[in-house]
Amino acid sequence: MERPDDLLARLLGPSGPELGCDGCFAELDRYVELEVSGADADAAVPGLRAHLEGCPACREEHESLLALVRSEQSS
Amino acid sequence: MNVVPQPPAASLAALDPDSQRWLRDLRSDGGTRDEAVARLHALLLRAARFEVGRRRAALPHLRGNDFDDLALQAADDALVSVLARLDDFRGASRFTTWAYKFALLEAAVKLRRLAWQGREIPLEPESWSLVAGGSPAPGRQAAQNELLAIVQEGIATALTPHQRRVLVALTLNGVPIDVLADRLGSTRGALYKTLHDARRKLRGHLAEAGFTTTILEEE
């Protein structure tokens with residue numbers, strides 16, 4: 001059986017304010033470029049990190065965009 | 001949930017040189033635009049193939065051609081979206097990063113749909129008991145099990161039937177949000193709002209029962 005705290009986290013989601021999926025998509029490119037540049041992306045785009053914790057689909061797309069931009073930078 | 005105010009579309013002069021060139025060429029006529037659209041499609045196809053490459057291990061029953069077709073469809077759909085939304089580009093990132101997210105979204109959604117094609121969408125809990133039975137759990141785990149029991153009660157009593165259906169499908173049964181949106185004739189944004197409201201009600205139910213969720217933030 002799954003660890004109780006993982007299950008609770010999934011059921012209850014992030015505790016703080018968060019963006020919705022549309023807001024997340026609108027800000028995702030800016031957020032990723034700030035992350036790649038080493039800037040404080042979470043301060044610049046409040047609520048996006050919390051949304052990524054609560055939304056597996058947006059989290060997957062964030063991981064992919066971050067990986068793609070990083071792979072371009074390193075090539 | 002927060003709503004981020006959107007600044008007006010970017011003026012060309014405020015953009016980096018590469019993004020300026022993309023916008024100028026895509027807004028031009030004739031051969032310059034055709035060439036820019038072809039370059040954009042190639043860029044989107046690269047991003048779609050990148051996403052397919054990351055996720056294909058989760059779809060072992062598909063053949064290479066299926067993935068190629070899916071990436072091409074994703075790039076085609078993303079091209080339509082990007083061209084329709086050029087005025088939404090605000091220059092908050094490079095144009096290519098902005099365009100990539102459309103291709104990644106299209107590919108990811110298509111992959112999730114494909115993974116669930118022909119599968120029943122479970123809308124009720126497969127196992128209603130969230131708490132493991134057996135011998136009593138020690139310390140922290142016992143506290144978590146107690147929280148889970150109250151959450152389970154909240155799911156049954158505090159949520160509307162729609163909130164319960166959405167919460168259970170997304171968080172307990174692992175149904176992807178796009179797949180559930182298709183099934184329910186809804187949108188990803190609307191379903192996430194429902195999930196958000198359900199989670200807030202569950203936190204409220206815990207608070208009413210005298211519980212806090214600080215145990216979750218102690219990790």
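**Chain A**

What share of the 75 residues of chain A count as buried? In this predicted model, the figure comes out at 47%. Chain A has five helices and zero strands, so to read it along the sequence you just go α-α-α-α-α. Its C-alpha trace spans about 40 × 25 × 20 Å along the principal axes.

As for how chain A is wired up, take the contacts between residues at least 6 apart in sequence: 67% of them join residues at least 24 apart.

**Chain B**

Chain B has 219 residues, and buried residues make up 32% of them. There are eight helices here and zero strands, and from the N terminus on the elements run α-α-α-α-α-α-α-α.

What part of the contacts in chain B with a separation of 6 or more comes from residues 24 or more positions apart? Those pairs account for 73%.

**A look at helix 3 of chain B**

Helix 3 of chain B covers residues 64-84. Does its length come out as it should? With 21 residues at 1.5 Å a residue, helix 3 of chain B should span 30 Å, and because its end C-alpha atoms sit 31 Å apart, the two figures agree.

Which residues of helix 3 of chain B are buried? The roll call is Phe67(B), Leu70(B), Ala71(B), Ala74(B), Ala75(B), Ala78(B), Leu79(B) and Val82(B). It helps to recall that an α-helix has 3.6 residues a turn, so residues three or four places apart point the same way. As for what lies over the buried residues of helix 3 of chain B, the cover includes helix 2 and helix 4 of chain B.

**Where the two chains meet**

Now for the interface: 43 residues of chain B are in contact with 36 residues of chain A. On the chain B side, the elements giving two or more residues are helix 2 (30-55), helix 4 (95-115), helix 5 (139-157), helix 7 (177-184) and helix 8 (188-208). Which of these helices of chain B gives the most to the side that touches chain A? That would be helix 8 of chain B, with eight residues.

Sorted by residue type, the side of chain B that touches chain A divides into 21 nonpolar, 11 polar and 11 charged residues. Helix 2 and helix 4 of chain B turn up in two places: they are among the elements on the side touching chain A, and they help cover the buried residues of helix 3 of chain B.

Definitions and conventions:
Residues are numbered from 1 along each chain as its sequence is written. Chains are lettered from A and ligands numbered from 1 in the order in which they are written. This is a predicted model: local features need pLDDT of at least 70, side-chain atom pairs count only at pLDDT 80 or more; totals for chains, interfaces and linings use all residues. Helices (H or I, at least four residues) and strands (E, at least two) are DSSP runs, numbered from the N terminus. A residue is buried if 20 or more other C-beta atoms lie within 10 Å of its own, exposed if 12 or fewer, and partly exposed in between; C-beta atoms are placed from the backbone. Two residues are in contact if their C-beta atoms, placed from the backbone, lie within 7 Å. Ala, Val, Leu, Ile, Met, Phe, Trp, Tyr, Cys and Pro count as nonpolar, Asp, Glu, Lys and Arg as charged, and the others, Gly among them, as polar. The expected span of a helix is 1.5 Å times one less than its number of residues.
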